[in-house]
There are 2 protein chains.
Amino acid sequence: MSAAPFRHVAVIGLGLLGGSVLRAVQQYLPDSVTTGYDADAGVRARAREIALAGTVADSASEAVTGADLVVLCVPVGAMGAAAKAMASGLSPQTLVTDVGSSKASVMAQLGEALPGHPVIPSHPVAGTEQSGPDAGFATLFRNRWCIVTPPEDADAAQVAALNAFWEALGARVETMDPEHHDRVLAVTSHLPHLIAYTIVGTASDLEEVTQSEVIKYSAGGFRDFTRIAASDPTMWRDVFLSNREAVLEMLQRFTEDLTELQKAIRKRDGDALFDHFARTRAIRRGIIEMGQDDARPDFGRSDHNGSG
Amino acid sequence: MSAAPFRHVAVIGLGLLGGSVLRAVQQYLPDSVTTGYDADAGVRARAREIALAGTVADSASEAVTGADLVVLCVPVGAMGAAAKAMASGLSPQTLVTDVGSSKASVMAQLGEALPGHPVIPSHPVAGTEQSGPDAGFATLFRNRWCIVTPPEDADAAQVAALNAFWEALGARVETMDPEHHDRVLAVTSHLPHLIAYTIVGTASDLEEVTQSEVIKYSAGGFRDFTRIAASDPTMWRDVFLSNREAVLEMLQRFTEDLTELQKAIRKRDGDALFDHFARTRAIRRGIIEMGQDDARPDFGRSDHNGSG
């Protein structure tokens with residue numbers, strides 16, 4: 001293995017993503033020094049207990065002192081404040097990146113909080129429904145795409161080092177401008193979460209079907225949506241507020257398509273339903289061929305093979 | 001183990017469900033004779049190759065001759081025709097059941113096709129996104145609920161035998177009237193499928209985001225929906241046509257809730273978003289506590305542990 005792209009990596013925010021970055025650095029870049037910080041004292045205490053970083057510092061500026069790379073792993077609405085809180089500890093060459101799910105907003109917040117400082121945002125498209133300092137694991141980024149959105153004046157060597165960092169953690173890197181990122185993710189991530197949160201809420205509020213029935217018969221499809229709808233509420237509130245326009249636009253398209261299927265059901269138009277349902281299989285095949293999902297039926301859930 | 005509830009089980013329709021019933025009978029009720037039939041000659045040939053039933057007959061009436069239990073495993077729109085096709089082979093005591101996802105419509109179709117004949121519909125709430133004679137497996141019903149909807153004049157001994165049959169295959173049995181079943185399943189199964197089919201279609205039709213981008217970045221949440229949207233189109237067309245009223249009603253509730261979240265995003269109402277997102281975790285916990293989903297993060301997908 002070649003030399004680590006960064007000698008000292010500092011992580012601000014020790015939840016699922018921050019914890020996974022640290023675990024992955026420990027596993028794949030063992031020569032790199034790691035420091036970490038979280039605004040929540042309880043999270044810092046837990047992070048120390050489980051040795052999430054070489055050092056868990058008591059302030060953000062202390063955590064980033066001497067770091068070559070800072071990875072901001074806080075909700076996108078908190079990026080600006082997190083950057084300001086650590087600014088006094090940054091040296092002028094320290095590269096700052098993040099893992100936020102929207103990029104135009106993060107770019108603007110970090111530009112304002114750290115004027116003139118090198119910032120190259122990134123978004124590893126990876127996660128689980130769990131959160132907190134115990135949720136992270138070293139292989140989260142394996143075989144997942146990480147989208148990097150370098151500003152036009154970014155230093156080419158720093159872009160290359162950041163790409164090498166994500167690749168060392170197992171990710172495949174793609175470069176994009178932040179506006180395009182935000183439209184792509186609005187459809188592949190933000191809209192699916194919004195819809196999952198909606199349907200789980202709808203099912204909880206019914207009077208004629210009890211919550212216990214919803215739970216018992218969830219294997220008919222509903223349970224799939226509950227996984228996504230168990231994601232961190234603060235993170236997702238911030239995503240929708242920060243990528244508002246793209247989400248609203250994708251939602252508009254979705255609503256139009258749903259209205260069309262609703263009409264087909266109302267008019268008993270079986271051919272229209274069949275035609276729609278027959279063309280969605282190809283995308284699943286593509287996802288499996290690209291190694292972006294488990295090919296086994298039902299995601300390989302354990303309850304069919306005796307362990308669930 | 002006590003005696004098999006039925007000496008001879010015939011299955012009409014040799015797809016995922018029919019194949020799983022046969023595999024489960026072979027595994028858990030090995031003393032029972034099995035016969036099978038599918039209207040598609042290619043499926044019958046494949047079923048013979050893989051020994052899906054003791055005998056794969058060349059007509060429906062031949063398959064059910066001498067059977068104590070017939071399980072209709074065809075799309076719900078084809079139940080009436082399948083029942084008529086086998087009627088000449090039925091003896092008066094043969095119990096007829098099915099595995100259809102809507103029950104009021106199936107009850108009406110079978111009542112018309114087999115007047116005066118003992119019919120007790122059932123619905124094992126289990127499945128995968130795969131279909132065809134190779135898709136079935138013996139453990140599909142393990143730990144899943146099977147809803148039985150006996151008519152008021154059903155023979156109590158036959159109801160008990162049918163319940164024992166599903167329990168022998170690993171299912172837990174619940175009794176319900178068909179109308180309530182159809183409302184419960186509209187929310188736990190039919191609406192989730194409709195929404196998944198819609199969003200996968202929406203994502204395929206965008207101009208500004210390519211299909212290849214949708215596939216690459218699907219791990220952000222979208223890929224979960226593609227599993228369900230890869231389900232059998234004929235089966236699902238029939239579900240929506242046969243459970244039209246309940247689906248349209250649940251869809252109406254969902255649309256109202258989605259409009260409310262849309263408004264919250266438009267008005268930048270972070271508190272409303274947070275409150276909604278914070279209350280949907282409890283349902284996921286309930287599902288996991290009830291053993292109705294894999295408790296591991298991300299359904300325990302293999303791509304985090306090195307095999308994907």
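Start in chain B and select helix α2, residues 41-49, where B:Val43, B:Arg44 and B:Ala47 are buried. These three cover an arc of only 100° around the axis, which puts them on the same side of α2(B). The general rule behind this is that an α-helix has 3.6 residues a turn, so residues three or four places apart point the same way. Keep in mind on every stop that this is a predicted model.

What covers the buried residues of α2(B)? Add β2 (33-37) and β3 (55-56) of chain B to the selection; the cover includes these two strands.

Now go to the two ends of the helix. At the N-terminal end, select B:Asp40, which caps α2(B). One of its side-chain oxygens lies 2.7 Å from the backbone nitrogen of B:Gly42. After the helix, select B:Ala51, which has a positive phi, near 50°.

Next, select B:Asp182 and show its side chain. This residue belongs to helix α7 of chain B, residues 178-205. Which side chain of opposite charge is nearest to B:Asp182? It is that of B:Lys103, 6.9 Å away, and B:Asp182, although buried, has no salt bridge.

Turn on the backbone atoms of B:Lys103 as well. The side chain of B:Asp182 reaches the backbone nitrogen of B:Lys103 at 2.7 Å. Then show B:His181, whose side chain is joined to that of B:Asp182 by a polar contact of 2.8 Å. To see the rest of the surroundings, select B:Ser102, B:Ala104, B:Asn243 and B:Ala246; these are among the residues that B:Asp182 touches when those up to four places away in sequence are not counted.

Move on to B:Gly291, in the segment after α13 (281-289) of chain B. Is B:Gly291 buried or partly exposed? Its relative accessibility is 21%, so B:Gly291 counts as partly exposed. Select B:Asn143 and B:Arg144 too, since B:Gly291 is in contact with both, leaving aside neighbours within four places in sequence. For a sense of distance, add B:Thr202: B:Gly291 and B:Thr202 are 89 residues apart in sequence, and their C-alpha atoms are 33 Å apart in space.

Finally, show both chains. A turn of 180° and a shift of 0.0 Å along the axis lay chain B on chain A with an RMSD of 0.0 Å. The two copies are therefore related as by a two-fold rotation axis. Through which surface do the copies meet? Of the interface residues of chain B, 100% are also interface residues in chain A, so the copies meet through the same surface.

Methods
Residues numbered from 1 in each chain as written. Chains lettered and ligands numbered in written order. Predicted model: local features only at pLDDT ≥ 70, side-chain atom pairs only at ≥ 80, totals over all residues. Heavy atoms only, no water. Helix = DSSP H or I, 4+ residues; strand = E, 2+ residues; numbered from the N terminus. Buried < 20%, exposed > 50% of the residue type's maximum accessible area, 1.4 Å probe, protein only. Lys, Arg positive; Asp, Glu negative; His and termini not counted. Salt bridge = Lys/Arg side-chain N within 4 Å of Asp/Glu carboxyl O. Polar contact = N/O pair within 3.5 Å; in protein donor to acceptor, adjacent residues only side chain to side chain. Contact = heavy atoms within 4.5 Å. Least-squares fit on C-alpha atoms with pLDDT ≥ 70 in both. Arc of directions from axis to C-beta.
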